[in-house]
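Hi,

Here is the structure I promised to pass on to you. Have a look at it first, and then read on for what turned up.

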Amino acid sequence: MNNSWYCCRLPRHGVILPGLVVVLLCFASAAWARQTRAVWSAAGEQGHLDLFESTLSPQTWSKPECLVSNETENITPAIAEGADGTVLLAWIARDASGQALLHYLFRFAGGKKLQGVVDTGFAHNYAPSVLIDNRNTPWVAWASDDGTDEDIYASRFDGRAWSSAYRVNQDDDTPDIKPLLTLLPSGEVQVVWPGFDTTGYRPYQATWSGSGFSGERAAKEDPAQAAHNKTACSALPPLPAMAAKRLMATIFNSENKGLQSVPEWVAPCMPKPLP
């Protein structure tokens, strides 16, 4: 098999083995049907971690569809949708050599698909976050390991290709991890992340300036706590039963504002995974 995007059969008897990551996507645009989607990583028939998707309509999860199946371990998916109906999925694919590459897939409203690998410049990448801004420009942010420490990068899609990676944090010898792409009330794109200093991790932020990200600065509030405070936990739908044995889930904000994809580590009110 190769690294192509295609569907595969689920394990026999409808059993899905324990997954690593779940992402929920709630469609927000009034011009498109409001749907809730779950995308997660789980062991497939070939023994590798594949990506599966299920939709909620109206209160029943659809039969899971296999989205990605190949000889790599496909993990940490992130997903968002723009007002024009474009859906962006990004995830990390780890191969037998130990490389962890950043993959993406677009699904456009007309049915066209576009997939590939974001050229990050590094062989070891982690924890992608995605966002589609008010101008329907797709963004992805991630952490890369250069062999010394982890740094935060981001890229935007111009309709044909991803831009060269923009460095988000300052160049130092301390790790910066787990970026979150957020949209400010002004429409500006911002990245927030935990960065290490002499006493431990603290929140940092940088805002898109039109040609790059502004200098790293301490965040006014912890992005995890801010996201948690703005998440209507009581309104979150239950996860699909087949995704119960996960390690992490990410919620897409149906209002399409602020933090569009909320990872489970900033939404502790989500139902806990089964052991």
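Let me start in the middle of a sheet: strands E6 and E7 run antiparallel and are joined by eight bridges. Within that pairing, Val87 stands opposite Arg107 in E7. The two strands make a hairpin with five residues between them, where Gly98 takes a positive phi near 100 degrees. Before going further, please keep in mind that this is a predicted model.

E6 covers residues 87–94, and seven of its eight residues are buried, so this strand is largely enclosed by the rest of the structure.

On its other pairing, E6 meets E5 in the antiparallel sense over seven bridges. If you want a spot to click on, Ile75 has Ile92 in E6 as its bridge partner. E5 and E6 also form a hairpin with five residues between them, and Gly85 in that turn has a positive phi of about 90 degrees.

E7 (residues 100–107) in turn pairs with E8 (residues 113–117), again antiparallel, through five bridges. Two of the facing positions are easy to find: His103 stands opposite Val117 in E8, and Leu105 stands opposite Gln115 in E8. This hairpin too has five residues between its strands, with Gly111 in the turn at a positive phi of about 105 degrees.

Put together, these four strands form an open antiparallel sheet in the order E5-E6-E7-E8. Its edge strands are E5 (73–81) and E8, each of which pairs on one side only. Ignoring direction, neighbouring strands of this sheet are turned by 15 degrees against each other on average.

There is another sheet further along the chain. Which strands make it up, and in what order? Four strands form this open sheet, in the order E13-E14-E15-E16, with antiparallel pairing. E13 (180–183) and E16 (217–218) stand at the edges with a single partner strand each, so one side of each has no neighbour in the sheet. E13 pairs with E14 (residues 189–197) in the antiparallel sense over four bridges, and in E14 the bridge partner of Leu180 is Val192.

One residue in this sheet deserves a closer look: Gln205, which is found in strand E15 (residues 200–207). Is Gln205 buried or exposed? Its relative accessible area is 10%, which is under the 20% limit, so Gln205 counts as buried. Leaving out residues up to four places away in sequence, Gln205 touches Gln190, Val191, Val192 and Trp193, along with Gly215, Glu216, Arg217, Ala218, Ala219 and Lys220. Val192 thus appears twice here, as a contact of Gln205 and as the bridge partner of Leu180.

Now for the aromatic side chains. How many aromatic pairs does a search of the whole structure find? The search finds 15 aromatic pairs. In one of them, the rings of Trp208 and Phe213 have centres 5.3 Å apart and planes at 65 degrees, so the pair is edge-to-face. Both Trp208 and Phe213 are buried. Ring pairs also link Tyr104, Phe106, Phe108, Phe157 and Trp162 into a cluster. Tyr104 and Phe106 lie within the range of E7, residues 100–107.

For the overall picture, the protein has one helix and 18 strands. Of its 275 residues, 52% count as buried. Among contacts between residues at least 6 apart in sequence, 45% join residues at least 24 apart. The protein exposes about 12900 Å², of which carbon and sulfur atoms supply 52%.

Finally, a word on confidence, in case you plan to compute anything from the coordinates. The average pLDDT is 77, and 70% of the residues score at least 70. Where does pLDDT stay under 50? One such stretch is residues 1–21, for which the model has 63 contacts beyond four places in sequence. Another is residues 24–34, with 41 contacts beyond four places in sequence. Where pLDDT is low, the predicted coordinates should not be read in detail.

Happy to talk any of this through whenever it suits you.

Best wishes

Terms used
Residues are numbered from 1 along each chain as its sequence is written. This is a predicted model: local features need pLDDT of at least 70, side-chain atom pairs count only at pLDDT 80 or more; totals for chains, interfaces and linings use all residues. Side-chain values use heavy atoms; hydrogens and water are left out. Buried means under 20% relative accessible area, exposed over 50%, partly exposed in between (1.4 Å probe, protein chains only). Contact means heavy atoms within 4.5 Å. Two strands pair if DSSP finds at least two bridges between them. Accessible areas come from the Shrake-Rupley method with a 1.4 Å probe; for residues, only the protein chains shown count as cover. Rings of Phe, Tyr and Trp (its six-membered ring) pair if their centres lie within 6.5 Å; planes under 30 degrees apart count as stacked, over 60 as edge-to-face and the rest as tilted. Axes are lines fitted to C-alpha atoms, for helices over the stretch in contact, and angles run from 0 to 180 degrees between N-to-C directions. pLDDT is the predictor's confidence in each residue, from 0 to 100.
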